[in-house]
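Got your viewer open? Load the model below and follow along, one selection at a time.

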Amino acid sequence: MAATGTEQQGAKAFYVTTPIYYVNDAPHLGHAYTTVAGDVLTRWHRQRGEKVWFLTGTDEHGQKIMRTAEANGVSPQEWCDKLVEEAWKPLWEHLEIANDDFIRTTQERHTVRVQEFVQDLYDKGEIYKGEYEGPYCVGCEEYKSPGDLLDGEGEYAGEKLCPVHKKPVESLKEENYFFKLSEYGPKLLEHYEKHPEFIQPESARNEVVNIVRQGLEDLSISRSTFDWGVKIPWDDKHVIYVWVDALLNYATAVGYGSDQKKFEETFPADVHLVGKDILRFHAVIWPAMLMAQGLPVPGRVAAHGWLMVGGEKMSKSNLTGIKPQDLTSHFGVDAYRWYFLRAIQFGQDGSFSWEDFSHRYTSELANDYGNLASRVAAMVGKYFGGSLPEATADGEAEQAIKDGLAKAVAEADRRIGDELDFAGGIAAIFDFVKQVNGYLTEQEPWKVAKDSSDEARARLATILYTAAESLRACAVLLNAVMPRTSGLLWDSLGAEASLGALADQHVQDAGRWGQLPAGSTVTKGAVLFPRLEEPKSE
Ligand code: ME8
């Protein structure tokens with residue numbers, strides 16, 4: 001049962017964010033990976049009965065966007081509007097992302113508050129004017145340390161390259177405003193020490209701690225050679241550095257400076273989900289900005305690995321043309337949402353392969369899970385006229401299923417809900433699916449059905465009830481990952497009539513046995529995971 005509005009009044013929401021993505025191009029598999037992870041995490045917490053806030057959006061300022069718009073002969077605003085409306089929002093809708101808000105950094109609710117934030121820091125003496133001279137990568141929108149650059153070869157011989165983009169960096173010499181980031185090193189280290197959970201995974205945490213230990217430099221927070229950005233309020237020849245502008249979305253979107261109640265009920269984020277490429281911004285610069293303002297810092301910055309293609313980080317330039325929609329049209333949206341979280345350990349890099357996806361789809365989704373659902377519905381139809389029978393002959397085999405379910409629930413809840421170990425949590429649920437399949441294979445209900453004695457009928461009823469009640473739990477546990485097929489299964493079990501909406505079922509309660517009442521109307525619904533068509537030739 002969902003927690004009631006009164007219970008939740010005033011409580012802080014479990015607040016999760018994705019990065020706000022650059023709209024210089026359409027979203028690709030990498031962006032969808034983070035956003036789906038956020039969606040699964042927040043759906044899981046909603047199904048714990050918690051109040052939740054899930055934010056995503058787009059990062060629209062800076063030189064990269066400006067240059068892309070110029071190259072396409074339109075204004076940056078026109079470019080962003082088009083991409084957001086025609087590419088970004090439609091993809092999130094297609095992937096069934098249930099975000100509570102979508103922030104765009106060109107919105108006034110954001111820009112005005114960014115100016116106020118920066119003005120405040122300036123008034124507090126945290127910002128000073130100086131000169132920046134050094135390399136800058138427009139691809140990363142980041143100031144680089146000379147020591148991190150690569151020596152160019154071939155067409156780039158004699159130039160210094162960004163280690164991420166493998167393209168020449170630009171040499172900047174500008175009058176800039178600086179934030180006194182260097183002063184926050186000790187405070188940050190103290191925070192990391194006191195809150196070991198602040199940066200996830202452990203390897204990422206160590207990397208950040210090392211960077212901060214080596215000493216931080218002050219951060220240039222303005223640019224003066226172009227104007228696509230939020231103006232520095234006291235000096236409009238400068239625009240605010242795009243990362244300072246972007247990070248603040250996490251505050252401005254939840255009422256910073258405009259709706260104190262909403263802000264207090266939401267901020268700070270419990271989890272900032274990020275790719276490891278932008279961990280430093282979130283785990284060093286962002287908390288330092290908040291500390292300078294006397295605001296609370298986020299609970300956790302969780303960095304995941306990269307989706308790789310051909311041994312390199314998947315990016316707009318090396319995608320080999322695979323779009324999320326190419327995969328969803330072949331495998332379906334639910335399988336897409338499931339695959340990347342199931343196949344790649346969150347936090348580590350992973351490669352996508354069409355073969356691996358097809359293989360896992362067929363063995364785990366279609367054969368193990370989909371078949372189980374359709375076989376059970378078919379047998380309840382055939383042997384009991386579609387009315388779920390009562391279990392009156394529970395024995396050891398049934399107890400093993402109940403125990404297996406209790407274990408799967410506890411493990412999935414801990415791994416997905418707390419540890420962000422999506423692969424481990426999903427595996428726990430699918431181990432249970434396997435166990436139920438094994439149970440049916442051993443119990444052979446199709447053989448028991450041949451015997452019409454009372455004892456055999458009771459046995460058959462018990463076996464089918466056990467399998468259906470197990471499926472009831474699977475629908476609840478998999479709803480966060482695969483909302484469409486879980487809904488179909490819920491319908492096929494006739495569960496809504498007695499238990500209510502699937503999204504209102506609490507995950508931590510999914511193991512309580514006996515929830516699906518005898519007499520429920522079980523129908524053979526749509527096939528959950530149809531057989532795949534011939535794989536496309538690549
Ligand atoms: O960095 N594998 O935006 P961005 C996994 N605007 N995830 C990937 C990926 C890959 N190959 N490629 C991209 C920005 N991502 C800034 C963020 S936040 C205040 C500002 C995902 O469009 C991953 O989440 O370059 C990564 O961190 C993000 O997209 C970068 O998106």
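We'll visit the ligand and its surroundings, then a small stop at a sheet. Keep in mind that this is a predicted model.

**Stop one: the ligand.** Select the ligand and bring up the residues around it: you should have 24, and I20, T34, D59, L307 and M314 are the ones that come nearest. Color that shell by class and you'll get 12 nonpolar, 9 polar and 3 charged residues.

**Stop two: polar atoms.** Show L307 with its backbone, where a polar atom sits 2.8 Å from a nitrogen atom of the ligand. Now switch to Y22: here a backbone N or O atom is 3.0 Å from a ligand oxygen. For H31, turn on the side chain instead, since that is the part with an N or O atom 3.4 Å from an oxygen atom of the ligand. Next, try a surface: on its own the ligand would expose 670 Å², and the protein buries 96% of that area.

**Stop three: who builds the shell?** Go to cartoon and pick β1 (14-22), α2 (29-46), α8 (242-247) and α9 (249-252), each of which supplies at least two shell residues. Which element gives the most? That's β1, with 4 residues.

**Stop four: the sheet.** Select β11, β13 and β12, and you'll see an open, antiparallel sheet of 3 strands running in that order. β11 (222-223) and β12 (231-232) are the edges, with a single partner strand each, so one side of each has no neighbour in the sheet. Zoom in on β12 and β13 (residues 235-240), which pair antiparallel over 2 bridges. Finish on K231, which faces V239 of β13.

Notes
Residues numbered from 1 in each chain as written. Predicted model: local features only at pLDDT ≥ 70, side-chain atom pairs only at ≥ 80, totals over all residues. Heavy atoms only, no water. Near = heavy atom within 4 Å. Polar contact = N/O pair within 3.5 Å; in protein donor to acceptor, adjacent residues only side chain to side chain. Areas by Shrake-Rupley, 256 points an atom, 1.4 Å probe, with all protein chains shown as cover. Nonpolar A, V, L, I, M, F, W, Y, C, P; charged D, E, K, R; others polar. Pairing = 2+ DSSP bridges.
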